[in-house]
Amino acid sequence: MSLETPVRVANELARRGYNADPEAVTLIAGATDPAAALERTLETVPEEAVVLTADHVTSAIETRSRTPGSGVPADAPDPDGPPPEDPGTDPSVSGGTDGRKSPDSEVNSPVETKGVAGGIEGGSSVATAGSTSDGQGDQAARGERGGGDVELPEEFSSTGVGEYEDFVAVFRDRYEKLSKLLRSRVNHRPTRALDAMAGNSEAALVGMVSDIRSTAGGHWLVELEDTTGTFPCLVMKDREFAGLVDELLLDEVIAVEGNLADDGNILFVDAMHFPEIPRTNSPSTADREVAAALVSDVHVGSQEFTADAWERFADWLHTPAADHVEYLLIAGDMVEGVGVYPDQDEELDIVDIYEQYERFSEHLKSVPGDMEVVMIPGNHDAVRLAEPQPAFDEELRDIMSAHDARIGANPATVTVEGVDVLMYHGVSLDEVIAELPDEKATYDEPHRPMYQLLRKRHVAPQFGGKTRLAPEEEDHLVIEDVPDVFHAGHVHKLGWGKYHGVLTINSGCWQEQTAFQASMNIQPDRAHAPIVRLDTLDLTVRDFR
Ligand code: D5M
Ligand code: FE
Ligand code: ZN
């Protein structure tokens, strides 16, 4: 992206969904580093601002102390949020790709039920694709792929303009959709009706978590909110389910059952329910031998992009061994982008965002032309950061048109050969990992925080932290239908498992450790390609390092 001229600044702002005063545009275009100034302004501008003013720009350029990329509205209490947890010093690849952890030694027990180990069902394996093995380059021997059986949902059109009412609407819709999943499981009452009930009666309610506090005695006071009001619910610390409070995130929707106190003003909780994936869930599979490669976080344009490994992967796709791999799903961060994090420009190989997409497109051309490619954006891509992120615009599609790729929003559920794959880039995972205790979510086992999203049936439950949410009429981030496969990236760690039958995969990255990751002691799992057999949902992870 070159932002030397005001026109380009204005276009870039429009692309990100902002109207701007001419003075604001002039100020950005006149900055020493217009791209950085633009990014900084968009990071600090209040979410509710509809028009970008000169004041927004000046205060953004002057206040450099905020953490760029945090995306917190200016009036939110803790703009910097908690740092990602130290993932520890063990540099091993999560999910068993280095053979250290065999797939069956993986325990994927769902957190709420003790002792039910899921594990990868049905013989997953780990394979290494050497650069010269597997008849690489033997294209003549490889048959034409069938392919082409992909359905994407209709693209959502953004309705919200950032008004307070839009936030009310999106939360109301979240509550409606998620409470539907819980209502049949408890005999719930609206909070207003609870207010009128006599003390000591049995009661249940479905609500959005609006506050979690510990009491002087070490118990938990969880406040739940529905469309009629709020109600305090007390979880005693010695109850067997008290540990579930650790898993709660603000703004998620749960159900509780219990007894009202003598005065009727508080509910003593006896049971807590998440919207959940039903245990009876039985995933759909393709009716022929066909597979999909799941990757993400390619980061073309970064000095750390592993171009050689990507080309080894693409070469392997040309071999007969990969004949049945007919689909390539890419879950965001195609390119490194510009101005995503502070000092990122020092690690850029390509500084112009369009040139980054052009180079990405070249690498996409290495992939066999008869493969069907599906792509959604991530936080490094040139689409608005707030989720749901709209699909790439026409200009970017044009640049990436080599494969006639199917382009989706983030998140998007893509049906491939009858298998529903929920693709989500994964920005909320940073937050889930930061908020929950290590037993429930770490960077080293990135599929576990994904399990949390599945059981909460929402890809970004907590609002107002690192994850920016766009106010819309509808909450597109609710996981309304149970997917067969859940594919995310973003944390640059590889891990997989099954959660109530849903094959859950975080696909790692194609980028060596960045300076930031080094400072956080994050060892990225790069250059692996998880390959999912769509007829069996078996997984093979191929290593192209
Ligand atoms: O994110 C890759 C991972 O690294 C993800 O867990 C966020 C984290 N990350 C990387 N750089 C930063 C900075 N500068 N601040 C906070 N968190 C960071 P990706 O989206 O690919 O950059
Ligand atoms: Fe990334
Ligand atoms: Zn990312």
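Start at the iron ion (ligand 2), whose donors are spaced D-x1-H-x33-D-x158-H along the chain. Select those protein donors: D297 (OD), H299 (NE2), D333 (OD) and H492 (NE2), sitting 1.9 to 2.3 Å from the iron. Donors here are N, O and S atoms within 2.8 Å of the metal (3.2 Å for Na, K and Ca), and water is not among the atoms, so sites may look incomplete.

A word on what you have open: this is a predicted model, where local features need pLDDT of at least 70, side-chain atom pairs count only at pLDDT 80 or more, and totals for chains, interfaces and linings use all residues. Residues are numbered from 1 along each chain as its sequence is written, chains are lettered from A and ligands numbered from 1 in the order written, and side-chain values use heavy atoms, with hydrogens and water left out.

Next, add the zinc ion (ligand 3): 3.2 Å separates the iron ion (ligand 2) from it, and D333 coordinates both. Now colour two loops: H299 is in the one between β10 (291-295) and α7 (307-317), D333 in the one between β11 (325-331) and α8 (353-365), 34 residues apart.

Show the surface, too. H299 counts as buried because its relative accessibility is 1%, and D333 is also buried, at 1%; buried means under 20% relative accessible area, exposed over 50%, partly exposed in between (1.4 Å probe, protein chains only).

Finally, pick ligand 1. One of its oxygen atoms is 2.7 Å from a side-chain N or O atom of D430, and an oxygen is 3.1 Å from one in the side chain of D333.

Notes. Polar contact = N/O pair within 3.5 Å; in protein donor to acceptor, adjacent residues only side chain to side chain. Helix = DSSP H or I, 4+ residues; strand = E, 2+ residues; numbered from the N terminus.
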